[in-house]
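Please read the following structure from its overall form down to its metal site. The walk-through begins with one question and returns to the whole chain afterwards.

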Amino acid sequence: MPVPIIIDCDPGHDDALAIMLAAGDPAVELLGITTVAGNQTLAKTTLNARRVCTVAGITGVPIAAGCAKPLVQALDVADDVHGASGLDGPRFPEPTVDAVPGHAVDLMYRILTGHPEPVTLVPTAPLTNIALLLTRHPDAATCIREIVLMGGSSERGNRTPAAEFNVRTDPEAADIVFRSGVPVTMCGLNVTHQALATPEVVARFERLGTDLGRICAELLTFFASTYRTLWGFPSPPLHDPVAVARVIDPDIVHCVEGNVVVELNGRYTRGATVVDLHRYTGRPVNAQVAVRLEADLFWDRMVAAVTVLGDRPSR
Ligand code: BDR
Ligand code: CA
């Protein structure tokens, strides 16, 4: 039986491919897509989710917009990484897939409480919506099988020297999630930097010969250009689909138990995830921490999902 999931995202190039992986892989059932402000404003991330669903032929999956700003601090978007639109690179047609009315948190709560079995949440964005869900609806926790998130790092950051973007954008929300008692798996930069979209990977999408394959190649090419300029990466890391891959097949993303806390006050380290994998602190295990990616298996699943979705030949 496919694992039922909801993706909470801020598309974003890697979020776009995370949505495609979730919709195209038979091991998961995508029940909903919720959006949040992060890589770009809420209006843009929601438009981008609709664009992705339109070009990937994902219909019948409700999309709902959530929080327009982090819980406490002001929004600081990642236009340096994802461009002015949040999804720069390809030209997208006018979206034909709409968002549903109502707040993302209400959609998540409705899906969670209406589903016959617990649902896995896959946040690939700042955790504002998830924190709001857990605080507004404490009873939702029992309907969540686990939270498998892209965020944080057991090493260094990418927004500040210490902090990863999703956690740095809303540290208070991340703190709520890691302290919630809901089982959490953290796919941080230390593992997502093993998912490198090399030129060979981009060529695999081009060779599919479909509009969707071409769009993926264009997304990855734009992403590569900003990663090269900002960080000197020869190939960009495709963060967000790693969290989806962990749900699809845990053997693709290896984890170890640990304790994760979020630094809220550090003078230089606000938003850092302090990851204890060695019991230094005596703090209890509160997360599975992803440490190693089977990169070949990961890309095989990613390309297979785009193959399934992109059944329209290129013109
Ligand atoms: C995370 O930040 C965003 O820019 C990406 O979409 C990903 O979710 C990586 O730090
Ligand atoms: Ca993201």
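Are Asp 15 and Thr 124 buried or exposed? In this predicted model, Asp 15 is buried, and Thr 124 is buried as well.

Both residues belong to the calcium site, where the calcium ion (ligand 2) is coordinated at 2.3 to 2.5 Å by Asp 10 (OD), by Asp 15 (OD) twice, by Thr 124 (O) and by Asp 240 (OD). Read along the chain, the donors of this ion follow the spacing D-x4-D-x108-T-x115-D. The pair of Asp 15 and Thr 124 links distant parts of the chain, 109 residues apart: Asp 15 lies in helix H1 (residues 13-24), whereas Thr 124 sits in the loop between strand S4 (119-123) and helix H5 (128-136).

Turning to the chain as a whole, one finds 12 helices and nine strands. The radius of gyration is 18 Å, close to the 20 Å that the globule rule gives for 315 residues, and the chain is therefore as compact as a globular protein of that length. Its C-alpha trace spans about 60 × 45 × 35 Å along the principal axes, and 59% of the 315 residues count as buried. Of the contacts between residues at least 6 apart in sequence, 82% join residues at least 24 apart.

The surface and the charges complete the description. The accessible surface of the chain comes to about 12400 Å², with 54% of that area belonging to carbon and sulfur atoms, while the mean positions of the 25 positive and 35 negative charges are 4 Å apart.

Conventions: Residues are numbered from 1 along each chain as its sequence is written. Chains are lettered from A and ligands numbered from 1 in the order in which they are written. This is a predicted model: local features need pLDDT of at least 70, side-chain atom pairs count only at pLDDT 80 or more; totals for chains, interfaces and linings use all residues. Side-chain values use heavy atoms; hydrogens and water are left out. Helices (H or I, at least four residues) and strands (E, at least two) are DSSP runs, numbered from the N terminus. The radius of gyration is taken over C-alpha atoms; the globule rule is 2.2 Å times the number of residues to the power 0.38. Buried means under 20% relative accessible area, exposed over 50%, partly exposed in between (1.4 Å probe, protein chains only). Contact means heavy atoms within 4.5 Å. Accessible areas come from the Shrake-Rupley method with a 1.4 Å probe; for residues, only the protein chains shown count as cover. Lys and Arg count as positive and Asp and Glu as negative; His and the chain ends are not counted. The place of a charge is taken as NZ of Lys, CZ of Arg, CG of Asp or CD of Glu. Donors are N, O and S atoms within 2.8 Å of the metal (3.2 Å for Na, K and Ca); water is not among the atoms, so sites may look incomplete.
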